[in-house]
Amino acid sequence: MDKTENILKVLVVSSMPLFGVRQVNIKKDRENLQKAFSNSKGAIEVHYLPHATVDAFMSEVHKGYNILHFIGHGTVKGDLIFEEKDGQAHGVSSRHFVDMLNGSKIELISFIACHSYSDVVAEKLKDEVNAVVAVSHKHSINARAALQFNKQFYNAIACGNDIDYAFNQGKIAVASDKKVGDESCKNRIRCRIMEEPYFSKRFLLKLKENKTLISDGTEGTYAEIDPLETPENIPERVKGELFIGREEKMVSLNDNLENYHIINLNGPPGVGKTSLAREVANWQHEKGYFRGGIIWHMTEEDVSPDGLLRMLAKVLFSEEQINFNKIHNHLKQNRCLLIVDNFETVMERYETKDESAKQLIGFLSNIPGKTNILITSRRNELGFRGETNLLLEGLYPRDARELFIEIAERKGWKYDKKPKTDELIDEICTFLGGIPLAIELSAPLLKVKHLSLPELYRKLREEIKLLKSERLNVPDRLKNYYTSLGLSYRLLGKNAQKLFAMMSVFAGGDFGGANRNAINKIIGMENWQDAMEEIERHDLFYCTGDGEKTRWKQLPIIRTFASGKLKDSGVDVEKLKGRHSNYYLKKAGDYNKDNILNWKEVDPDLDNIKAGLEWAIENSKNELISEYVKALQWMLYYRKLNEAERWFKIGAEACKELDDDKGESFMCNNLGLFYKSRGDYPRALKYYQKSKEITKKIGDTAGLAVTYNNIASIHYAQGDYPGALKYYQKDLEITKNIGDAAGLATTYNNIGLIHNAQGNYPEALKYYQKSKEIMEKIGDAAGLATTYTNIGLIHRAQGDYPGALKYYQKSKEIKKKIGDTAGLAVTYNNIGLIHDAQGDYPGALKYYQKSKEIRKKIGDAAGLAATYNNIASIHYAQGDYPEALKYYQKDLEITEKIGDAAGLATTYNNIGSIHYAQGDYPGALKYYQKSLEITKKIGDAAGIAVTYNNIGYIYREMNDRKTAADYFTKSRDLYKKIGLEKDAAEAENMIKSLKIQE
């Protein structure tokens, strides 16, 4: 460098993208630097580049600076994080960074304010740049330590000293400081225990050539080149206010400010439009993009153009008098940002023919194009020429939960981090629509009103007037969410108010809302489309889909408000709800067994279907209840919703009230199926027995046959094969007598399953063939697919894998053809088992994954648990016990959630086997005992026998031969009792082996 200058020139570059990095206070960092520079006895000129885009940096770096001081982030790979103009992150590799410096006079780079991996970046640059000062990423640097270092370091450089000397001066200043110095650190428990280095030791210097950067260190002053002096009146954050989860919207809004003259930031009441506009204004002010000024005008204080002009004069020129031409010329010649907050006030006055509001709208329409206008409003269209609209919706669930917890904890509520707690908070936040104001007003109620989470949820659903604030320094519209909604409601015309209230009959949420047909049939209002458009303009509804698939929805909290307006709308509420319930009963019928593939087409109406049933229950409409539950039979069976048990019980009561014995029997049978699917065999048997009594009483022989079949299935599941065979024979006798061919085929299939389980394969095959002949004759494709599957099971059990695969493929073709999605998942699972048995683990995993995807899609929780179990078995077979345990845990979570006792017993057994394989015999025994406890409770004889056998192996490994023999004996006797001779023989061999060892 030519040493003719005596002024040290420093370029301070700050980069803080909106997301992707840890947010830090750049303003504070810069203020500390200003203190350090102003302390210098030498002359320093500093230019602050607050918007470190690549273009801005490259335009500035070649203007003769000696030092580059970077405030921002580095990465573990040694990259530097720059930013895009809209706030997104832009990574620059060290190689490209060096290329950007080529031709500049930069000889020293300081990363003292770099907030991560500055030492890694320095290491990458050490051979490319003469000197780099950094801080170790392994240890944090105190702000005071950075300030003390920078003071002495830059002073020494500016006074004409060399780099090494200046670096040591900076370290000495830190070491001798009374608060962060070495002596101070000696007495700090944290430093002593964690053995962290003193702050003075955390600074690093990478130096190629030690030199001075200026020729003469004459006395001078600190000066800023082109200082940031943007006039502004951006309101401060309200004390305690949080701003969470809006980074993505900030980027979008910044991008819009770059491309559009007028932006209408709109959204429902309380969604945080003002907060977002304020944060964007602060970000833009920090970056210096609007050097002409950032002016904030609150319309609720004054809707006249004079009010806005007075504000412009005050902010831009510190003048009280309005000079229209002066203001207009400034807005025309300079890049300014005008933020007009709460435009609803203007629109409300405008619609009442208020002249001031009309003039203000005219004034805004004619503001010069160099000035950007950001308006916050509750309308998605304002009608300005060149306007673009940006909708602000509720927070994402994760952000909403974070906001709720943070606010509640500030009020003294203790957060208990458990899945159930998070689930309840998510339910509350979903009801609140992720609306920040509603969350901010509801979270404190936990402590203020001494409510539990469930109580808070219930109270909010009953009365949203609870959502009040006592804060004095916020506008009235932000003190009460109910009042905030009321403002939007008042702005609607009479027809729109009526429609808004009536639409509350439709359920909210993801599976709620209404399409055109539902609105026409249930609401019955002529020309409702015009009223709907008006409501939409105020962001009180939102739409999904388009054309015939358009659905209009209300956020649950807004729906609660709208529901409160129903009684004032002049509508017969009960008739309205009755039409709703009857309409969705027809929709419920689409959840039939033959339509599983198309259930996704019905799902958007699911919440309305449930609401229709709940209304029937609340109003004791027994016929409606009965029809609803019958229509939802298969959806409840396959989806296994938590409501299933309650609904079938209510259905049974409704049928009893109607003296509908056949209907009651139907409900009891389905309750039996429900409990059986959860492995609760005693309760399932109880309801099947009740169904049997009813069918006998009314002489319903066909129903009696079905019930016998169901009772037999319980005995089969419990491993009581003789008991199962007894009831299948009773079923067989009836189906033959009444000529029920389809029932006969099913019973033959089930009898075949009994012989299959007992290892009597020729007999099993005989019954499967009988079933197959009937199915083919009557054209029962679904039944034939099941029979093919069962024949495949025989071949698999005999080790004939090609034969098994052949029948599974036949089953798969039929299920695909008829659209039996749930059945297809079973077949994929069975094909996976074949590959598994052959040791083709990748092939097995492929089919298990196919099965998993379907079961997830249709909500078959029990089937999904079984698939996770099979995936775990693959990892177990490969010796990857941690991965196997991971999938068994997934299985366990589901089986516990749905209450599948039998599945839980199986999973406990499998987890026990992992501990056994790892030599952890006490751990294995613990899980086998858990399994045994459940199998005994539900009467699963086969499961008990298997678990006795497993426990026997544990005691054998622990050299307790007597106890081992006792368990093998129990296992053998039980196997014999239920007809599993092969298993009994294996247990007998183990008993003999133990006796020989004695």
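Which residue's side chain meets that of D973 in a salt bridge? Select D973 together with R972 in this predicted model, and you will find their side chains joined in a salt bridge, with 3.1 Å from N to O. The two partners can be viewed with their surroundings switched on, since D973 is partly exposed, having a relative accessible area of 40%, whereas R972, at 17% relative accessibility, counts as buried.

**Further salt bridges**

A search of the whole structure finds 39 salt bridges, and a few of them make useful stops. Select E344 and R379 next, whose side chains meet in a salt bridge at 4.0 Å, N to O. Here E344 belongs to helix α13 (residues 344–350), while R379 sits in the loop between β13 (372–377) and β14 (387–391), so the pair ties together parts that are 35 residues apart in sequence. Both E344 and R379 are buried.

Move on to helix α16 (residues 419–431), where K420 and E423, being 3 residues apart, are separated by about one helical turn. Their side chains form a salt bridge, with 3.9 Å between N and O. K420 is exposed, with a relative accessible area of 52%, and E423, at 37% relative accessibility, counts as partly exposed.

To see salt bridges joined into a network, select R237, E241, R278 and E279, which are linked in this way.

**The open sheet and its helix**

Now display strands β10 to β14. They make up an open sheet of 5 strands in the order β11-β12-β13-β10-β14, with parallel pairing. Its edge strands are β11 (293–298) and β14, each of which pairs on one side only. From one strand to the next, the twist averages 20°.

Starting from the β11 edge, you can follow the pairing of β11 with strand β12 (residues 336–341), which is parallel and extends over 6 bridges; within this pair, G293 stands opposite C336 in β12. Add helix α10 (residues 273–287) to the view, and you will see that α10 packs on the sheet, touching β10 (262–266), β11, β12 and β13, while its direction makes about 165° with that of β11.

**Strand β2 and its neighbours**

Select strand β2 (residues 44–49) next. Of its 6 residues, 5 are buried, so β2 is largely enclosed by the rest of the structure. Strand β1 (residues 8–14) runs parallel to β2 and is joined to it by 6 bridges, and to locate this pairing you can select V13, whose bridge partner in β2 is L49. β2 also pairs in the parallel sense with strand β9 (residues 222–224), over 3 bridges, where E45 stands opposite A223 in β9.

**A pair of packed helices**

For the last stop, select helix α27 (residues 606–618) and helix α28 (residues 622–631), which pack at an angle of about 150°, with their axes 8 Å apart. The crossing in which α27 passes α28 is left-handed.

Which residues should be shown as side chains to see where α27 meets α28? From α27, show I609, G612, L613, W615, A616 and I617, and from α28, show L624, I625, Y628 and V629, which they meet. The residues of this contact divide into 9 nonpolar, 1 polar and no charged.

Notes. Residues are numbered from 1 along each chain as its sequence is written. This is a predicted model: local features need pLDDT of at least 70, side-chain atom pairs count only at pLDDT 80 or more; totals for chains, interfaces and linings use all residues. Side-chain values use heavy atoms; hydrogens and water are left out. Helices (H or I, at least four residues) and strands (E, at least two) are DSSP runs, numbered from the N terminus. Buried means under 20% relative accessible area, exposed over 50%, partly exposed in between (1.4 Å probe, protein chains only). Axes are lines fitted to C-alpha atoms, for helices over the stretch in contact, and angles run from 0 to 180 degrees between N-to-C directions. A crossing is left-handed if the near helix is turned anticlockwise from the far one by less than a right angle, and right-handed if clockwise. Contact means heavy atoms within 4.5 Å. Ala, Val, Leu, Ile, Met, Phe, Trp, Tyr, Cys and Pro count as nonpolar, Asp, Glu, Lys and Arg as charged, and the others, Gly among them, as polar. Two strands pair if DSSP finds at least two bridges between them.
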